[in-house]
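Hi,

Here is the structure I said I'd send over. Have a look at it first, and then read on for what turned up.

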Amino acid sequence: MSEKKYKVWLNGKVVRPEEASVSVFTQTAMRGANVYEGIRCYWDADARQLNVWKLDQHIDRLFQSMKIMRMETQFTKDSLKQGALDWARANEFREDVHFRLVVYLGDGGSGGVRAFKADEIDFGAVIFGGPRRHQHALDHGLHVAVSSWRRISDDVMPARVKAGANYQNNRLAAMEARTNGYDDALILNRDGSLAEATGAAVMMVREGQLITPPVTAGILESITRKFVIGLYEKYHNMRVEQRNVDRTELYIADEIFCCGTAEEVTPIVSVDRIAVGSGKPGPITRRLQELLEAAARGKDPAYRKELTPVY
Ligand code: PMP
């Protein structure tokens, strides 16, 4: 990702990337004390417009993460939405971009992990990003392994919170997968059922039925997951089964894909070197890729309200 080339929004001001720094004395630098969102903007070449995809849903989830983490910040939903638009506009993007909107815990003096009240610790927010392409994965799919690491659980480090520190768990799984020659990992929860990939929700098709783990399986409540469930139910006129998924079901599934803001709908073509179906992306995966793309580019009138214009 080339995000370091672009301007950054830092606490209400757009600054040059080399000016965008946060103190070493902050809890975010030391302990990963922050919550964030990863958001995409799609360029509509016909309308010559850049649109933020599902901005409201991302801001709502950010505030849910903050609520769980008891972060009573000075930021309002509107101020952060405006920040995202100001950031994109300042960079004059005329292509698809992906950005992070982070709200972090600043310097809490000697309060350590106990400091959380507004008079004990300050909060900051930052927005940065740039183009993020992954065409090869979209076209050809990923080879993944089931990780030997387990997903963090709700009573330890809630995966529902999109907290920076949570990603040390994903990092362990991703490094293991890469070291062993895979593109990514699927992570099981404490009970041994499927949770998610390192940065995306996971779905599989068995006998024409789309199946995905429930939001209580130790996953982030993915915005794309919810959207794909809606798309499938609307266009295939079938319910998505939200239930626990066993590891061995992955070996006999007809199709598997992961989905997320960054990944969009990315096929998974093998698990633990066992081919998924024919070993090529399947028809339901392809159709959901197309439907998501059409919606995000403003080509499906039903979903135009999910787009916030930047210009
Ligand atoms: N799970 C994890 C662990 C993620 O990091 C992401 C990306 N935010 C997702 C799932 C997908 O979530 P969303 O569709 O909201 O981007």
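Which side chain does the side chain of Glu18 join through a polar contact of 2.7 Å? The partner is Arg16. One thing to keep in mind throughout: this is a predicted model.

Staying with Glu18 for a moment, you'll find that residue in the loop between β2 (13–15) and α1 (27–31). Glu18 is exposed, with a relative accessible area of 57%. Tyr6 sits 12 residues away from Glu18 in sequence, and the two C-alpha atoms are 9.7 Å apart in space.

Now the overall layout. The domain assignment splits the protein chain into domain 1 (8–131) and domain 2 (136–296). Their C-alpha centres lie 26 Å apart, and the contact between them draws on 19 residues from domain 1 and 18 residues from domain 2.

On to the insides. In soluble globular proteins, nonpolar side chains tend to be buried together. Here the largest nonpolar core has 35 residues, and the ones touching the most other members are Val35, Val52, Leu80, Phe99, Leu101 and Val103. Two or more residues of this core come from each of β3 (34–44), β4 (49–53), α2 (55–68), α3 (77–90), β5 (97–105) and β6 (123–130). A second, separate core holds 23 residues, including Met203, Ile229, Val265 and Leu288.

If you want a place to start clicking, try Val35. Leaving out residues up to four places away in sequence, Val35 touches a list that includes Leu62, Met66, Leu101, Val103, Val161 and Ala163. Lys162 is also among the residues that Val35 touches.

Next, a few helices.

α3 has 14 residues and reaches 20 Å from its first C-alpha to its last, close to the 20 Å expected at 1.5 Å a residue. Its buried residues are Leu80, Gly83, Ala84, Leu85, Trp87 and Ala88. The cover over them includes β1 (8–10), β4, α2, β5, β6 and β16 (307–309). Just after α3, Glu92 takes a positive phi of about 50°.

α6 (residues 223–235) is a 13-residue helix; at 1.5 Å a residue it should span 18 Å, and its end C-alpha atoms are indeed 18 Å apart. Ser222 caps the N-terminal end of α6, with a side-chain oxygen 3.2 Å from the backbone nitrogen of Thr224. The buried residues in α6 include Ile223, Thr224, Phe227 and Ile229, and Ile229 also belongs to the second core. Just past α6, Asn237 has a positive phi of about 55°.

Thr224 deserves its own look. Thr224 counts as buried because its relative accessibility is 7%, under the 20% cut-off. Not counting residues up to four places away in sequence, Thr224 touches Cys259, Gly260, Thr261, Glu264 and Leu292.

Leu292 takes us to α8 (residues 283–296), whose 14 residues should span 20 Å at 1.5 Å a residue; the end C-alpha atoms are 20 Å apart, which agrees. Leu292 is buried in α8, as are Ile284, Thr285, Leu288, Gln289, Leu291, Ala295 and Ala296. Just after α8, Gly298 takes a positive phi of about 75°.

Is Lys54 buried or exposed? At 6% relative accessibility, Lys54 counts as buried. Lys54 is in the loop between β4 and α2, and, with residues up to four places away in sequence set aside, touches Ile223, Phe227 and Glu306. Of these, Ile223 and Phe227 are buried residues of α6.

Last, the cysteines, in case you were wondering about cross-links. A disulfide is a covalent bond between the sulfur atoms of two cysteines. How many disulfides does a search of the whole structure find? Zero. Cys41 is in no disulfide, and the nearest cysteine sulfur, that of Cys259, is 19 Å away. Cys41 is also buried, with a relative accessible area of 0%. As for Cys259, the closest cysteine sulfur is in Cys258, 7.3 Å away, so the two are too far apart for a bond. Cys259 counts as buried too, at 0% relative accessibility.

Cheers

Methods: Residues are numbered from 1 along each chain as its sequence is written. This is a predicted model: local features need pLDDT of at least 70, side-chain atom pairs count only at pLDDT 80 or more; totals for chains, interfaces and linings use all residues. Side-chain values use heavy atoms; hydrogens and water are left out. A disulfide is a pair of cysteine sulfur atoms within 2.5 Å. Buried means under 20% relative accessible area, exposed over 50%, partly exposed in between (1.4 Å probe, protein chains only). Helices (H or I, at least four residues) and strands (E, at least two) are DSSP runs, numbered from the N terminus. The expected span of a helix is 1.5 Å times one less than its number of residues. A polar contact is a pair of N or O atoms within 3.5 Å; within protein, one must be able to donate a hydrogen and the other to accept it, and residues adjacent in sequence count only if both atoms are side-chain atoms. A nonpolar core is a set of buried Ala, Val, Leu, Ile, Met, Phe, Trp, Tyr and Cys residues joined through side-chain atoms within 4.5 Å. Contact means heavy atoms within 4.5 Å. Domain bounds come from an automatic or database domain assignment.
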